Structures are given as structure tokens and as C-alpha cells.
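I opened this notebook to record a few local features of one model. The structure comes first, and my entries come after it.

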Amino acid sequence: MAADTLINDFELPFQLYDVLGTEHLTKHPKFAEHSRETFDAVLDTANKIATNLFLPHNHVADKNEPQFDGQKVSMMDDVKVAFDAFRESGFIAGRYSFDDGGMQLPETVMTAVAGYFMAANPSTTAYPFLTTAAINVISHFASDEIKNAFMPRMLTGEFTGTMALTEPHAGSSLADIKTTAVKQDDGSYRVKGSKIYISAGDHELSDNIVHLVLAKVPGGPGGVKGISLFVVPKYRLNEDLSVGERNDVHLTGLIHKLGYRGATSTALSFGDAGECYGYLIGEEHFGLRYMFKMMNEARIAVGFGAAMIGYRGYQYSLDYAKDRTQGRIAPNNKPEDAATAIINHGDVKRMLLAQKAYSEGGISLCLYGSNLIDRINTCEDATLKAELSELLDLLTPVLKAWPSEYGPKANDLGIQVLGGAGYTREYQAEQFWRDNRLNPIHEGTNGVQALDLSFRKLWQNKGLGIQILKREITKDLESISTSETAKLAGKLMPYMGHLHEVLVHLSKILQTEKAITLTGNAQALMNIFASIVVSWIWIRQASKAEQLLSETTDIEKQNFYHGKLQAAKYFIDWELPLIKRDIELLNNDNAVCTDMQAEWF
């Protein structure tokens, strides 16, 4: 694969059409004007823009971060050129209806589109992607007045968007935010406070920046029940909706990050002069509920982004391993024999297989999650729709946490494959890891995702989500008709039983004093659950690959399908058995972590 080829030509067609059957969505009235050909055309456009305009400045922007002179932010011209091409392509509005000026594309296709841009340049991609996330909240919960004022120009990229949640003293604990919003006689609010780590919080790429800001209205309930959500634009709008004077929102500084250096990370101050206009979304005190709509969708995007950066690093180290000669392998191991490419060494194969299993497993997992959204949106059976929604809710912590845990691990192995070269800035392997290291942190740390899974998602609605998941897995395993994949399914089945036993045990201790141990062991439960889910995702890929392998004589395709089978075998033989430790820890209510005292560290 050439260095400037972002994704293997077979990968996305395999995931979209062979594994997920995405073209069947065109039978639904919502997508009836589309076909596989239109989907492919959209993907081809994304590939070209990402390759030609996003990829070339990725490494350069990493070395040339945005600058703030006290008045405005400046950055490389290439970022603006790429951003403009993205917005002019219509991708920001891609999933929206034709009536809204969008392309009315399925979520599955739009996620695949995102893959090209995340692989090419995650920093520049942050600007349009955050805008899309902000649009989703406004479209679902804001008044028609707010929608009409901001959405049309956000959909075209003339306005961009952010989410402003975190404060210097309040990260995951949003109940502790101090930003306030006081209602005025005209119905607007005056917002006052500060926010930190706001990605894309200031720049000159668009005519306006629409911040979605969490704040508390004085006199409201305490904790998270008192949080409201506001649209706070960088520039106010005039009565005719043209861009007016500067709102009382100010950049107080840029934050210098380990990775994602091409995207601004900002500290923002709201209302220093008491004139920060904000506009309430929905009702007072329901802000966190609205924001979670954005965050849950963003969590899938974070997981997919992590998988794609992991994949990019995998392909980069794969190319290197094919070209780099080092050492010899028996029987050609005499001093006079030519050195072999390092890809032929067993341990290098191990590291490449692990990267492949992690990144392509994450890609397939997140595309499955996106396809669930399409299944929900096109489902006319109310019962099934509710069941699929429950399944998506259950899987969301995994969709975020697993790829963002294992994407960076893939990038770490990519550095190792390059050896000393991987540790230098002359090669990009180290940048992939730095960029990806953010993903276990933002949109809810992976520890928060584990707690959410352990204490909420597995048990809500009387465990309906896990029931539906078991049904989906069982249906897939029972439909396997190929021999090699059937063996993999046989290896997974005992772990399904172990998971059931663990959940039965935990259900008995959750109302006892032993429940405290699960706060320290939540990651163990995430490991078990996610490893089983990803094993199932790999079996879905392997089953289709083994079937297609017998139907083609194309050597390149045969190699691709063999690779899928081998990666599935690797994951289930090497990775899945590692959860035996976690099963034992949970069944024994291991208290090592929770019994540790702060004074003992």
C-alpha cells in the first residue's frame, strides 16, 4: 500500500457492503434516492479531498501550532484551504435531509467518510466534526428561532461550533461547574464563567463560532439537575441575522498539547464585561440531558477516530516493515545471504497482527454502532426500535473506550516496529501515538465509561440491552457456515458463559457493601465485556471473509480475506484469553484497589 493511500481499497467496501449490507438501506424511503454507486461516489470524493488537502499538512501542522497574538489566532493557510474544501463538498450537512440542504446519507456512510479524514489529519478534521456535533444538539432540542438563526450557516460551514463543558476545577464532575446564566427581560441570558480545553474554541476559519455552553441558572437545583445549555456565539447576530458585534466571549490562551497540535485547544472567558449574550436551548435545568445527545454521538466518533489513527499507524509501520531489511531467517541465515525485510521476522509479524486486530476491529465495531443508528432510524416496528436503541445505549461506552484504549496500543506497537526510527520526529509513527493519546481522555475518560457500563448500562431496563446483545451474537454464531470461523465461534462460546456468571454474581453484590469493590474493578468488567464484543465483531468479519475467499480467484482479494481470517484468529487466540484474570478478580470481589489508602501511595 502506497504511503499516501489512507485506507486499503478493499477495507471500507468489505465493512460497508459485505459485513453490514449497507446498500439495503436504499430500500427505505429515506435513502431511496441513493444507491451503492452514490455511496461509493461520496466515499471517493472524501478520499480525494482527504488525500490531496488534509494529508499533506498533517505532519507540518504538528510542527507549526496555531499562534495567539493577544488579538486573534493564526495558523497555516493549508488548514483553511482544507476546511473550505470540506465544507464546500457538503459533508458537514451530509447526514441531513435534502430539505435542509444536506445529502440525506446514512450514518454508516458518513462514519466511513469520516474515516478518510481522521486517517489523513485528525487535527484539521476537528473543526468540521465538532460543528456537526453542535448542529445535532441544536437540531434536536433548540427552538425554531435558534435553529433558523444558526443552523443554516453551520450546515454550510460558514459558522462552526464547539461544546464548552469543562472548567478549570470541573472536568468529569460537571455537577461542580460554576459558570452562571442570568435571565434577562428579553428572554436572553447573560453568561459568566470560564471554560478550558475547548477544542476549536477560537480560530479565523469561519465567520462565527457557536459555543454550546453548560451553565447554571441561579436558584436552580443543585448538582447536575441544575445545569442548563446555552448557545453562546462569538459574534452576536443582528435582527436580519447578519453577523454583528463581538459577544463578550474572549480567548484567554491557547493550550499546548501532546498531540492534535494542529487544532486549537482553548481557555475561554465568558462575560468579563457582563455582556455575554446566551440563548437557552430547550428548558432550564435540562442541559446535561441535551448535551449527552451530543456526547453520545461524539463518543462513537472518538472511538472511530482512535481506530482510524491506529489504522494509519499500522499501515505506516507495515510499509516500513516491508522495506526495511535487517537480519536473516533460516534456512537463508548465512552471513553471505542477503538480509531479509523485517516483516518476515516472527515477532514483527506478531506486532503487525496485533495492530491489525486492534485497528480493524475498532473500525468494524464503530461502523456496527453507526449501522445500529441507521437501523433504529429506519425501523418501523416500535418494539424492535426500542430494543435496538437499548443495545446502542449499552454498547456506547464500549464504542468509545475500547478503540481509544487499543488504538494508541496499536500506535505504540507501530513505533516499536520502526525501532529507533520510530522514536524520532523524522518519522510520523510517534505523531500517530501522540495524536491518539487524547482519545482515552476526552468525551468522558475511559474510566468513566467503565463505571457507566458497570453501574448503569448493563442493568438499565432490567438488563434489556444485554438480552438483545446476546440475541444478536447468537444469531450470528448460529448462521456460520464456514469451518475456520466455526472454530473461532466455538472458542468464544465459553466466555459468553463466563460473562453470564460474572453478571449474576455482580447483581447479587450491587446492593451490598461489596459493591464498593466494583468501583475499583470496573475496568476489569469493561475488559471482559469489550473483549467478548470485539471477538464477536471479528467473527462477523471472519465469517464473511472465509465465504468470499472461496468465491474469488483475484489474488489481491484472496490476500485481503486471508488477512481478515488471520487477524480474527489472532484476536481470539491471543487477546480474548487475557480476560481470565478479570473474570477471577470480579468473581472474588477483589478489593486490592479499593482497599488501598491514600496515605499508602
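The entries below cover two helix pairs, one cis peptide bond and two backbone angles.

**Entry 1: basis.** I note that this is a predicted model, in which local features need pLDDT of at least 70, side-chain atom pairs count only at pLDDT 80 or more, and totals for chains, interfaces and linings use all residues. Residues are numbered from 1 along each chain as its sequence is written, and side-chain values use heavy atoms, with hydrogens and water left out.

**Entry 2: helix 8 and helix 10.** I looked up how helix 8 (residues 287–323) packs with helix 10 (residues 382–418), and found an angle of about 20 degrees and axes 8 Å apart. Helices (H or I, at least four residues) and strands (E, at least two) are DSSP runs, numbered from the N terminus. Axes are lines fitted to C-alpha atoms, for helices over the stretch in contact, and angles run from 0 to 180 degrees between N-to-C directions. Helix 8 and helix 10 are therefore roughly parallel (angles under 35 degrees). The crossing of helix 8 with helix 10 is left-handed, a term used if the near helix is turned anticlockwise from the far one by less than a right angle. I recorded 14 nonpolar, ten polar and two charged residues in the contact of helix 8 with helix 10. Ala, Val, Leu, Ile, Met, Phe, Trp, Tyr, Cys and Pro count as nonpolar, Asp, Glu, Lys and Arg as charged, and the others, Gly among them, as polar.

**Entry 3: helix 13 and helix 15.** For helix 13 (residues 460–478) and helix 15 (residues 516–549), I noted an angle of about 30 degrees, with axes 10 Å apart. That makes helix 13 roughly parallel to helix 15, and their crossing is left-handed. Contact (heavy atoms within 4.5 Å) involves residues including Ile466, Leu469 and Asp476 of helix 13 and Phe529, Trp536 and Arg540 of helix 15. By class, the contact of helix 13 with helix 15 has eight nonpolar, no polar and three charged residues.

**Entry 4: loops.** Where does Pro331 lie? I placed Pro331 in the loop between helix 8 and helix 9 (346–378). A cis peptide bond joins Ala330 to Pro331, with omega about 10 degrees.

I then looked up two residues other than glycine with positive phi. His285, in the loop between strand 12 (277–280) and helix 8, has phi near 75 degrees. Its relative accessibility is 24%, so His285 counts as partly exposed (between buried, under 20% relative accessible area, and exposed, over 50%; 1.4 Å probe, protein chains only). Glu443, in the loop between helix 11 (429–436) and helix 12 (446–457), has phi of about 60 degrees. Glu443 counts as buried because its relative accessibility is 15%.

Conventions
Angles under 35 degrees count as roughly parallel, over 145 as roughly antiparallel, 65 to 115 as roughly perpendicular and the rest as oblique.
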